[in-house]
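Take a look at the model below before reading on. The walk starts at one residue and works outward.

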Amino acid sequence: AVTASSSSSAAALTARRRASRRIRVGLALAAGAVAAGGAALILYSRLQRLRRERRALDLLNWWCADGPAKEPVVECEVPVEHGHSGENPDLDVVEVPVGLVFECERLRSALRAHLLPESATPAEELDVELVEALS
């Protein structure tokens, strides 16, 4: 009777070990799948950003290819005269060639503020958003 009980407890222990091993292997596979999915998501987002930047650069080069006379323009209201003693300034509409927008940082920041007022995007992506806002 002692050997039957010890053999059944050994069989139960072996069965528990197998079940435990299956659970560990299953958890390791699930963790690997989650890690692979995360890596794929990171790679996909970087690829999308690179495609977006390339498209913006190609579009800007296409706009500026035939010189400043053929470039599209952005119309901006600028003060002609500053009001004296608290008056509102007179405004005039000025056409700014797109190529100039990307050459003058001060003008770029003013146009970003006008066209993308609530952008919380990193600085390197602002040009891409500005080109997209203009297209």
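**Starting from V98**

Leaving aside neighbours within four places in sequence, V98 is in contact with L60, W63, E71, P72, V73, V74 and L134. The model is a predicted one. V98 sits in helix α2. Is V98 buried or exposed? Its relative accessible area is 2%, under the 20% cut-off, so V98 counts as buried. The chain also brings P68 into this region: the C-alpha atoms of V98 and P68 are separated by 8.4 Å, with their positions 30 residues apart along the chain.

Now step back to the whole fold. The protein has four helices and two strands. Read from the N terminus, the order of elements is α-β-β-α-α-α. Of the 135 residues, 18% are buried. The accessible surface comes to about 10,400 Å², and carbon and sulfur atoms account for 58% of that surface. Take the contacts between residues at least 6 apart in sequence: 41% of them join residues at least 24 apart.

Next comes the core. In soluble globular proteins, nonpolar side chains tend to be buried together. Here the largest nonpolar core has 15 residues. Which residues have the most contacts inside this core? They are W63, V98, V101, F102 and V131. The elements that give two or more residues to the core are α1 (2-64), β1 (73-81), α2 (98-101) and α4 (123-134). Helix α1 supplies the largest share, four residues.

Two members of that list deserve a visit. W63 touches K70, E71, P72, V98, V131, L134 and S135, with residues up to four places away in sequence not counted. F102 lies in the loop between α2 and α3 (105-115). Its relative accessibility is 14%, which is why F102 counts as buried under the 20% limit. Beyond four places in sequence, F102 touches L60, R108, D127, L130, V131 and L134. One of these partners, L130, is 28 residues away along the chain, and the C-alpha atoms of F102 and L130 are separated by 9.6 Å.

E71 is a charged residue among the contacts of V98. The place of E71 is in the loop between α1 and β1. E71 is buried yet has no salt bridge. Where is the nearest side chain of opposite charge? It belongs to K70, 12 Å away. A salt bridge needs the nitrogen and the carboxyl oxygen within 4 Å, so K70 at 12 Å does not qualify. E71 does have a polar partner in the backbone: a polar atom of its side chain lies 3.3 Å from the backbone nitrogen of V98. Setting aside residues up to four places away in sequence, E71 touches W63, C64, P97, V98, G99 and L100.

How many salt bridges are there by this rule? The count comes to one. R49 forms a salt bridge with E53, and the closest N and O atoms are 3.8 Å apart. The two residues are four apart in helix α1, so about one helical turn separates R49 from E53. Both sides of the pair are partly exposed: R49 has a relative accessible area of 33%, and E53 has 26%.

To close, return to the start. V98 is buried, is among the core residues with the most contacts, and has its backbone nitrogen 3.3 Å from a polar side-chain atom of E71.

Conventions:
Residues are numbered from 1 along each chain as its sequence is written. This is a predicted model: local features need pLDDT of at least 70, side-chain atom pairs count only at pLDDT 80 or more; totals for chains, interfaces and linings use all residues. Side-chain values use heavy atoms; hydrogens and water are left out. Buried means under 20% relative accessible area, exposed over 50%, partly exposed in between (1.4 Å probe, protein chains only). Contact means heavy atoms within 4.5 Å. Accessible areas come from the Shrake-Rupley method with a 1.4 Å probe; for residues, only the protein chains shown count as cover. A nonpolar core is a set of buried Ala, Val, Leu, Ile, Met, Phe, Trp, Tyr and Cys residues joined through side-chain atoms within 4.5 Å. Lys and Arg count as positive and Asp and Glu as negative; His and the chain ends are not counted. A polar contact is a pair of N or O atoms within 3.5 Å; within protein, one must be able to donate a hydrogen and the other to accept it, and residues adjacent in sequence count only if both atoms are side-chain atoms.
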